[in-house]
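Me: Could you walk me through the salt bridges and a few backbone oddities in this one? I'd like the cut-offs spelled out as we go.
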Amino acid sequence: MPAVSKGDGMRGLAVFISDIRNCKSKEAEIKRINKELANIRSKFKGDKALDGYSKKKYVCKLLFIFLLGHDIDFGHMEAVNLLSSNKYTEKQIGYLFISVLVNSNSELIRLINNAIKNDLSSRNPTFMCLALHCIANVGSREMAEAFAGEIPRILVAGDTMDSVKQSAALCLLRLYKTSPDLVLMGEWTSRVVHLLNDQHMGVVTAAISLITCLSQKNPDEFKTCVSLAVSRLSRIVSSASTDLQDYTYYFVPAPWLSCKLLRLLQCYPPPEDGAVKGRLVECLETILNKAQEPPKSKKVQHSNAKNAILFEAISLIIHYDSEPNLLVRACNQLGQFLQHRETNLRYLALESMCTLASSEFSHEAVKTHIETVINALKTERDVSVRQRAADLLYAMCDRSNAKQIVAEMLSYLETADYSIREEMVLKVAILAEKYAVDYSWYVDTILNLIRIAGDYVSEEVWYRVIQIVINRDDVQGYAAKTVFEALQAPACHENMVKVGGYILGEFGNLIAGDPRSSPLVQFNLLHSKFHLCSVPTRALLLSAYIKFINLFPETKSTIQEVLRSDSQIRNSDVELQQRAVEYLKLSSIASTDVLATVLEEMPPFPERESSILAKLKKKKGPGAVSVNELEEGKREGGELNGGGERGGDNSAIAASNASTPSPSADLLGLRTGLPVSAAPPTAGSLLVDVFSEAGVNDDGFLRDLEPPTESSDSLLAEGPGDSDSTPPPPPSVVSEEPAPPLPESDELLNKFVCKNNGVLFENQLLQIGIKSEYRQNLGRMYLFYGNKTSVQFVTFTTTVTCPGELQSHLNVQAKPVEPLIEGGAQVQQVINIESLTDFFEAPLLNIKFRYGGALQNLTLKLPVTINKFFQPTEMASHDFFQRWKQLSQPQQEAQKIFKANHGMDTEVLKAKLLGLGMALLENVDPNPENFVCAGVIQSKAQQVGSLLRLEPNAQAQSGEQMYRLTVRSSKDTVSKRLCELLAEQF
Amino acid sequence: MRMRFEKFCSHYHAMSFGKYFTSRFILRDGRDFLSRYQMHFLLLFSRQGKLRLQKWFLPLPERERKKIIRDMSTMVLARKPRTCNFLHWRDLKIVYKRYASLYFCCGLENQDNELLALEILHRYVELLDKYFGNVCELDIIFNFEKAYFILDEFLMGGEIQETSKQSIVKSIEASDMLQETMEEYMNKPAF
């Protein structure tokens, strides 16, 4: 055979190739090529018609030149001519040229398609295969249009040769991938599935690729393939190593076909048919067992083929994710590979374990290998293996091992290969954020990251740390202190300067109390880095300086001097110059008030998906991290929120309020609304250790600088007698008038006539829960303000007012409320109420806060109604009617007849009447259907006795359920008011 | 002046989200729903980085092809001995193996099986060896078209068509039988 292969030769081609090989330089090669191109061009253009052999030879030379990397812009027509030659080699070279060099020249495609059509209908299997190969190689839409109908027929025709079937199947697959709309499903599809049963292993191997692809798109139409695939797989797996003759590869029966079958099964959920499933599980177990058997050959091909099937089987097991037993076995098998001497296997085991780590059944089993994986990260000689180890550490990370893993990854970063540093940095940043138990750890980790691998810290990472510091006031002081310390290193990365500039500009005040980090020291430290930094960083620093002027007036002159210097105010960079000029003017013209408003602390950032996570997804390509991350997040979110139904009764509210703050501090924004205690005790302790004398509360310096404002609104804000203990609300809030009561506030009020506890109000941001108790003429109400978002509410203020006359009827004192509510947290406010005399209106509760910079302002009616001060009075039938008669003046009685709004369940009615606060008197009314109650309304000035009679009428004339309610009181207005209130309740 | 600070903060907001959402080169454009198992390309290059064979199973612009060829040869040739045979590159898995002076290198989609791909390379080497008889780089240089024909018998559209060595060799023999006799060609002029 070599004689044939070497000798069919085109001698001219061989000569040309050796000429090229003998060229000493690139220039010589180009010269030789140009000479050849000129020669071929003249031959093609010449008058003398070329014979097939010459054409073939020249086309082949052109092909060779093209494959050397040179452009070819002629010869296509000659190649197309070769397609219709009846000599096989000429046709073959023609097709090869077209396959390698075709462009979408439509004129040419038409000619090519014509030649292909002829060959497809030639019934010569060799020609047919050539034509099919050409279609598959070019795979253009024009070809799909021309042949997508024909090829399925060839594929399933009874008389088609096996080799043609193989080509047709893969050719169709190629067209289907290019133009799925052109390949129409039809009668042939069911016959294609049965190719899985074909006797010829080659046909099955080719057809299964097509079937897999079609099943992915049309799973229902092809689902019969599952049982066929399982039985085929089972036959292969159980066959002896020699049964399949040439389809056995190094003692492994049909490895390619086995893998393809296992992949086809990955398009479907586990088989429903028990027998099929049993057979499949048996196959998978056999494959796992075989991995433990001694190898039948020492050759690497044997173990590769065997392990290829094993890895594919593990993929299927992971895909099913329903057989804990198999998952754990798979994990153990991979664990063995982690220590295998073959680098390839260690690599693949690490890679495969990444997917296992995301299964709940095997996550724990994967975690047991942490030491091996860390060791791999440290000791593997091959960077791609180390990278897989880093990936796996990332995948197996959870709250229990985050600190260890992050520490290992950080220390690896110091020596990591440059090509993977950026990705490593992203991963460390994400893990630190996702599993941050305390934010000081998070800040430390990120600053370390910048220190170790500053060049690889992308913008996303340092933006993120700033977002988090801004949004979480419990870490701001610590961040300022740490970044201040980090900046003291003689050489620190520009990214550190950026973070430092931003954080000190916002929160430098939190550490300014320490003489070692006094305002001027901070400024000098920042400014010492200024000249080494790029323009964007300098621009940021200039903004930090102007913020300093606001935070620390004592630095004003120093900073103005800097801004005034020629290097700033005449800087050649427009942006820097503009900033310097504007900031200088701002600092000299604006009053302290204006400055404080303009340079106010940054509002919290809206919570979104972490930008870092997005970047990592981008880097790794779709599907690499996304789904697992997000779903995991959702799952955890569910668990955390599931415990306390937010809309529920007061006990749930109280419980979540009292519960210790959850250690989970989710920064990625994946989870919403986890309970965190409102007043973070950690904020203080973090700061106290070094800066105990500095202001711990977040409104330290900025607030002190504001001139005390005597605004009329702020008087409204305080409850009587409490005004001096409440800090004046920030001006931006005070300037807003309280909103008018919400339209639904009356309705909300009515909900609380018969109950004392529950949710008063809820919107997308805020939930207000109420718990209240009354004794005599006194009441105490607890309001629970829950932040339903993951962003802080700042400058949160509430005011309770008694409009008009009510002031003289009711005394309401509201204790101050925390001005800041963390995302997901709840704060409590106590309100003391004293009834001076009977009253009719309800006090108003106004709530104002800033959410993401926007002012929220809403007013509700506080559910304090006169019946709250009822003292139940038990009495016998006789007494009741006697008193009833005593209150017989017409104005003492109020009566209402109204339709039932809530049905007439006796138990419900009783519960409501008890909730009203009166005594429900049994066996008093002669009609057992009726209800009667008695009670005394307590107030400081007087006591008002009240009697009530409720008469349900289940079948009134109109056919509707009606009530008649009669109230008699010693005071006429009270009867009227009670009647009004109660008519809404039944 | 307020504007400046709005700008200042919107700068942070805008920069931190969305800037990186510009699309980048994706090999699988428009084929997302389909199988992720296909081989994208197969390259043969020498230790000096000379390309000996290139087979593209997906249409790619010439510029991209050149870029891939350059990236592959630099990456693979830079690998130290006794490291593993797999790499990650963009969204693809790269599997390569060195046979004597030639590197065989292919790009697979993300979910494909690396070990099996390694054996595809090996089987191709076996086929070349069987056809040429103790194949060496020179055989592939001088008979490059044969190398392509053999590959076409083995793979099609990046999928394996036939795994049996006997079948493939038989069908190449059959096509060789269709060729004209040696003498016929020897009589033709060289140019």
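Reply: A salt bridge here is a side-chain nitrogen of Lys or Arg within 4 Å of a carboxyl oxygen of Asp or Glu. The side chains of K910(A) and E922(A) meet in one, at 4.0 Å from N to O. K910(A) lies in helix α45 (residues 906–916) of chain A and E922(A) in the loop between β13 (919–921) and β14 (931–938), so the pair ties together parts that are 12 residues apart in sequence; helices (H or I, at least four residues) and strands (E, at least two) are DSSP runs, numbered from the N terminus.

Me: What should I know about the model and the numbering?
Reply: This is a predicted model, in which local features need pLDDT of at least 70 and side-chain atom pairs count only at pLDDT 80 or more, while totals for chains, interfaces and linings use all residues. Residues are numbered from 1 along each chain as its sequence is written, chains are lettered from A and ligands numbered from 1 in the order in which they are written, and side-chain values use heavy atoms, with hydrogens and water left out.

Me: ok, how many salt bridges does the structure hold over all chains?
Reply: There are 49 over all chains, and one network of them links D19(A), R32(A), E36(A) and K61(A).

Me: And R263(A) with E312(A), are they buried or exposed?
Reply: Both R263(A) and E312(A) are buried, where buried means under 20% relative accessible area, exposed over 50% and partly exposed in between (1.4 Å probe, protein chains only). Their side chains form a salt bridge at 3.4 Å, N to O. Since R263(A) belongs to helix α15 and E312(A) to helix α17 (residues 300–320), both of chain A, the pair ties together parts that are 49 residues apart in sequence.

Me: How far apart in helix α33 are E575(A) and R579(A)?
Reply: They are four residues apart in helix α33 (residues 574–589) of chain A, and therefore separated by about one helical turn. Their side chains meet in a salt bridge at 2.7 Å, N to O; E575(A) is partly exposed, with a relative accessible area of 25%, whereas R579(A) is buried, at 9%.

Me: Switching to backbone, which residue of chain A has a positive phi although it is not a glycine?
Reply: A254(A) does, with a phi of about 40°. A254(A) is found in the loop between β2 (252–253) and α15 (255–265) of chain A, and is buried, with a relative accessible area of 5%.

Me: What about R90(B), where is that?
Reply: R90(B) sits in the loop between β3 (86–89) and β4 (92–99) of chain B. R90(B) has a positive phi of about 50°, again without being a glycine, and is partly exposed, with a relative accessible area of 30%.
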